[in-house]
Amino acid sequence: MSIRHLDKMFHPRSVAVIGVSRRASGVGALVWRNLREGGFAGPRWAVNRCPFELDGQPVFASVDALPAVPDLAVVCTPAESVPTIVDQLGRKGTRAAIVLTAGLREGRAADGRSLEQAMLDAARPHLLRILGTNCIGALVPGQALNASFAPGQALPGELAFVTQSGALATAMLDWAQARGIGFSHFISLGDSADVDFGDLLDHLGSDPHTRAILLYIESVKHARKFMSAARAAARNKPVVLVKSGRGSEGARAAASHTGALAGSDAVFDAAVRRAGMLRVDTLEALFDAAQTLSRVRTWRGPRLAVLTNGGGAGVLAADALARGELAALSPRTLARLDACLPGNWSHANPVDIIGDAPPERYLDALRPLIEADEVDGILFMHAPTAIASATAIAQACLPLLRATDKPVLACWLGGPHVAAARELFGAQGIACYETPERATAAWQQLRDHHAAQAALLQLPESRPELHCPDREGARALVEAAVARGGGWLDEPDVRRLLLAYGIACVASERAADADGALAAAERISYPVALKIVSPDVLHKSDLGGVALNLADADQLRAEAQRMQERVSRAQPGARLQGFTVQAMADRPLAVETIAGIASDPVFGPVLLFGEGGTAVEVRADRALALPPLNAVLARDLVQRTRVAALLRGYRSRPPAQQDAVVDVLLRLSQLACDLAGVAELDINPLLVDAQGALALDARIRVHAAEATRDGAHLALRPYPSGLERVQAFGGEPLCLRPIRPEDGERLQRFYAQCPPEDLRLRFFFTRREVPRSELARYCQIDYEREMAFVALAGDTLCGEARAVCDPDNEVAEFAVQVAPPWQRRGLGRALLDRLIEHLRAGGTRELRAWCLEGNHGMLNLARAAGFGMRRCDGGTLELRLPLASARQAGTTETGR
C-alpha cells in the first residue's frame, strides 16, 4: 500500500476517539480535548465500553454503536484490545486509524502472533490504513485537526514535519510555537507498523499545501519504497532530514576493506544523495534549510559575495565558508566599489562598507555585486548602529534585491533593533538568519541541495552497453558457491568472476605446493609475486603471506618455505592450501585505489571507491553510491574522493585513465545488480594509470540469497533488460525497449524533429523544444512506478509510449508519440500494446489519458485499443481502459 486512504487520515470529515475515559489525564481524554480545542468542525464521537456523557454528548459503548461510519478513528485502548477494535472499525467501514497505544510489537495474541501482526491482519481485508502504533498522533492545522495527545496546537503553515520520535514531536511542537513556525502536517510515525516514511513522502510530495518536507528519521524499513517515494517527492519540493545514529555503526570490524569502510550511516548518506534529499545535522539546521530551500528558487553557482557593515561579522562569515565559495572580485567590480565607497572599505570580499553605512551606501555597493559575473549569490549582513536605521536600510534595499535573479540570503544581527527589518525581508520571501554561521551554513545547504538535484536531473552521455563476456558463467559460479554454503571464494574463482564481467586482472595461477609454484612462475615469466592460500587468512600481508618481485626460481623456492613458516607461527592452526603465483605489474606511476561492493541490511548492495593500499582503513578516503550506476554517477563517485586529485596527474605523473575507472565501476554496478549472492567484493589495489585500470588483488564473499527477479535485492530497481524485444515494421526491424537514462540525446533529437502541431497535441500547448531538465525527467524514470517504451531504428528514436502510475498502482496516466516518418505504420499501436501488457502484468487497475478533440490520430488509436471516452471541459476527452480486476490489483499490491 502507499497513499490509499491517507486522505481519510489527514482530511477526515468525521472522527471517533476509541478509549475516551472520565480521567482528564487519560490519553483518550487528551485526544478528545485537543480535537475539540483544535476546532475540528465535523462530527466527533467518543467510545468507551462503560458509556457516560462527555461535553454534553453521549459516549458510545462500542464501534458498532456509532451512529455513522467515522472517516478516522483514534485508538487509545490497551494493547490486547487493539486487533479486535481494528477489525470492528474495518467492518464498520472506517478506512483510517491512528493507534496511539504502545506495546503491540512486544505483546502476544492467544495464537502466538504479535499483537501488531494481529492488528495488521485485521486491517488488511478492509484496506484500513494505520498510523502508529506507539505514536503521538497527527496534526493538520489547515483542517483544524489535532488527532494527538500533544501538549497544545500547531500553528498553520506550509512545512510538513514527520518524526519517528514521540518525545521529539512534543518538544519540536513547543519549540516551533515559540518561534512562530507553522505546519501543513505534523505527524508522529511511532513504530510505523503500516504507514511509513515512503507512504507519507508520496502523500506530502503531491500535497499543494506543503512547500517543504522535514523528516526526523531513526530507521528505514522498506528501502525500495522509501527511495521511490523520496525521489518523486524531492523532484517536487525540498525534502530535508535529520537522522540519528550518525557515528555509531560506521567503524565496525569486517573481513574485507570494503565491508569495514561501508558503514551503515555512510550508506544512508549515499541513499539520501541519490534520492535528491538534503541531510542536516541538527533540528535547528532542519528548519533553516526548509526556509532556505523553499525561498531561494534559483542557483547559479557556489561563489558568494558578503556585504556587511561590520568587519568582524564578515570575517566570521568568510571563515565558515569552504574554499571556492567566497567569490574573488574582479578588478572591474573592485574599481566600481572603489568609486562609491569610503576609502577605508575592505577592498575585498567580504565587502565591509563600514559601520556608519546609510541606506544609500548599501545600494551603491549592491549594484556592482549584483551585476558582477563572478558573483553567484549575495549574503546581505547588517549589525545595528545608532547612526543608520535598520528598517530604513531594509526598505531601501528590498526593491533591488527582489529584482535580481541571484540568490540572496540575509543576516540581521541583533534583537529588537533589527526585528522590523528582518520581518520586512521575510515578508518579501528573503531567507533571514540571526548569525553569520547560520547564514553561511544555509548557503552550503543550497550548494549541497543543488548537487543532489543536479544528480536527479543529469542526462548521461550515450555509450555502448557494457559487454559482459560470460554473465551466465558468473551466475553459475556464484550459485555453486551458494550451494556449498557460501563464504569466501578462492583466488581462481575470484579471478574468473572478475574476468566474466570484463575487469582486467593480472595473470595468476594456483599451485598446491612449491614445485607447482615454480612451474606456474615459468609459464607466467619472472618476476612474480607469491601469496599464501588459506581459507583462514584473508589479510595475507599482515601475516607475511605475500612476497613481491621474486626474480628467479631460487628466490621463489626459498620464499615459499619461509612464508609457510611465518604464517604458521603467526596463526597456528591456519589451513595452508598452497600458493598463488601472480605476474608482477610493472606500473610504477599507477595510483592505488580500492573499488568494491558491500551489503547494507536496509539498502542492499552499495558500491565503494577510494584510495587503496594497505593503509586503506587509516586513510578512509572513500565515497559510496547505490547501484545501478550510469557513467555520470560513476564519475561523481570518483570525484567525491581525495584520490581523484591524484588521478588527474601532478608534477611528472601523467593523468590516469579516469574513463577506465568509470568502466570498472559500471561493471561492478552490473555485477551487483545481476548477482544477489555476492555479499562483499574487494578489489584492492585497483591500479590506475595512463594505461588503464588493473585489478591486482581481490576477494569476494558469497552469501545465501534467494533468487531475485528484476533486481529485488536492490534499493533502486535497475533497468529491466528482460523487457527488450525486436519487432519488424514494414520489413524494417525496430528495437522496442524501456527508456534508459542515456537516451537523452536521442529523445532530444526525437522531439526536435516533431512538427509544432504534434508537440501541441502531446503537451496541450505550443512549444518549440522540450527543456533539458524535462528531458532528464523523461529519461531518468523510476522503473518501480513508471515505464516508457521507446522504438529505435539503429540510433534513431522513432516513437515512445510512457505511463506514470499513482503510488497505489490504481491508475496509470499515459501518452504516446510517434515520429512523422513512422506514423500510420502500426508503431503507435505496438508501443501502446507493450505498455498495456507491462501495466497489466504489474496489476495496474486502469489506464487513463486526456486528449484534445483535434488529436485524431490518438483518438483512432484509443478506439482501436478499446478505450472508453468521455467528453470534458476545454475541448478535451478523457480516455479510460480497465486493465485488472480489483482482486488482481489487490493481490499484486500486497506483493509489493
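Phe 161 and Phe 183 are both buried in this predicted model,. Their rings also pair up: the centres are 6.4 Å apart and the planes meet at 50°, so the pair counts as tilted. From there we can look at other rings, then at two sheets and the nonpolar cores.

**Aromatic rings**

- Two numbers do the describing here: a pair of aromatic rings is characterised by the distance of the centres and the angle of the planes.
- How many aromatic pairs does the structure hold? There are 18 of them.
- Phe 161 belongs to strand β10 (residues 156-163) and Phe 183 to strand β11 (residues 183-188), so their pair ties together parts that sit 22 residues apart in sequence.
- These two rings have company, since ring pairs link Phe 161, Trp 175, Phe 183, Phe 186 and Phe 287 into a cluster.
- Phe 750 and Tyr 751 make another tilted pair, with 5.4 Å from centre to centre and 55° between the planes. Are Phe 750 and Tyr 751 buried or exposed? Both are buried.

**Charges over rings**

- Arg 44 lies over the face of Trp 32, at 5.1 Å from the ring centre.
- Lys 243 has its charged end over the ring of Phe 268, 5.2 Å from the centre of that ring.

**The seven-stranded sheet**

- Seven strands line up as β3-β4-β2-β1-β5-β6-β7 in an open sheet, and their pairing is mixed.
- Which strands stand at the edges? They are β3 (53-54) and β7 (129-132); each has a single partner strand, so one side of each has no neighbour in the sheet.
- Inside this order, β5 (residues 72-75) pairs with β6 (residues 96-99) in the parallel sense, over four bridges. If you want to find one spot in that pairing, look at Val 75, whose bridge partner in β6 is Val 99.
- Helix α3 (residues 82-92) packs on the sheet and touches β1 (15-18), β5, β6 and β7. The direction of α3 makes about 170° with that of β5.

**The five-stranded sheet**

- Another open sheet has five strands in the order β16-β15-β17-β18-β19, and here the pairing is parallel.
- The edge strands are β16 (351-352) and β19 (431-433); with a single partner strand each, they are left with one side lacking a neighbour in the sheet.
- β15 (residues 304-308) and β17 (residues 377-382) pair in the parallel sense over four bridges, and Leu 304 has Gly 377 as its bridge partner in β17.
- Two helices lie across strands of this sheet. Helix α10 (residues 283-295) lies across β18 (408-412) and β19, at about 150° to β19. Helix α15 (residues 416-427) lies across β17, β18 and β19, at about 165° to β18.

**Nonpolar cores**

- As background, nonpolar side chains tend to be buried together in soluble globular proteins.
- The largest nonpolar core here has 66 residues, and Ile 98 and Phe 603 have the most contacts inside it.
- Which helix gives the largest share of this core? Helix α7 (residues 223-236) does, with seven residues.
- What is Phe 603 in contact with, leaving aside its neighbours within four places in sequence? Its contacts are Val 220, Ala 223, Phe 226, Met 227, Val 267, Phe 268, Ala 271, Leu 626 and Ala 715. You have met one of them already: Phe 268 is the residue whose ring has the charged end of Lys 243 over it.
- A second, separate core has 54 residues, among them Phe 729, Val 770, Ala 849 and Ala 865.

Terms used: Residues are numbered from 1 along each chain as its sequence is written. This is a predicted model: local features need pLDDT of at least 70, side-chain atom pairs count only at pLDDT 80 or more; totals for chains, interfaces and linings use all residues. Side-chain values use heavy atoms; hydrogens and water are left out. Rings of Phe, Tyr and Trp (its six-membered ring) pair if their centres lie within 6.5 Å; planes under 30 degrees apart count as stacked, over 60 as edge-to-face and the rest as tilted. Buried means under 20% relative accessible area, exposed over 50%, partly exposed in between (1.4 Å probe, protein chains only). A charge sits over a ring if NZ of Lys or CZ of Arg is within 6 Å of the ring centre and within 35 degrees of the ring normal. Two strands pair if DSSP finds at least two bridges between them. Contact means heavy atoms within 4.5 Å. Axes are lines fitted to C-alpha atoms, for helices over the stretch in contact, and angles run from 0 to 180 degrees between N-to-C directions. A nonpolar core is a set of buried Ala, Val, Leu, Ile, Met, Phe, Trp, Tyr and Cys residues joined through side-chain atoms within 4.5 Å.
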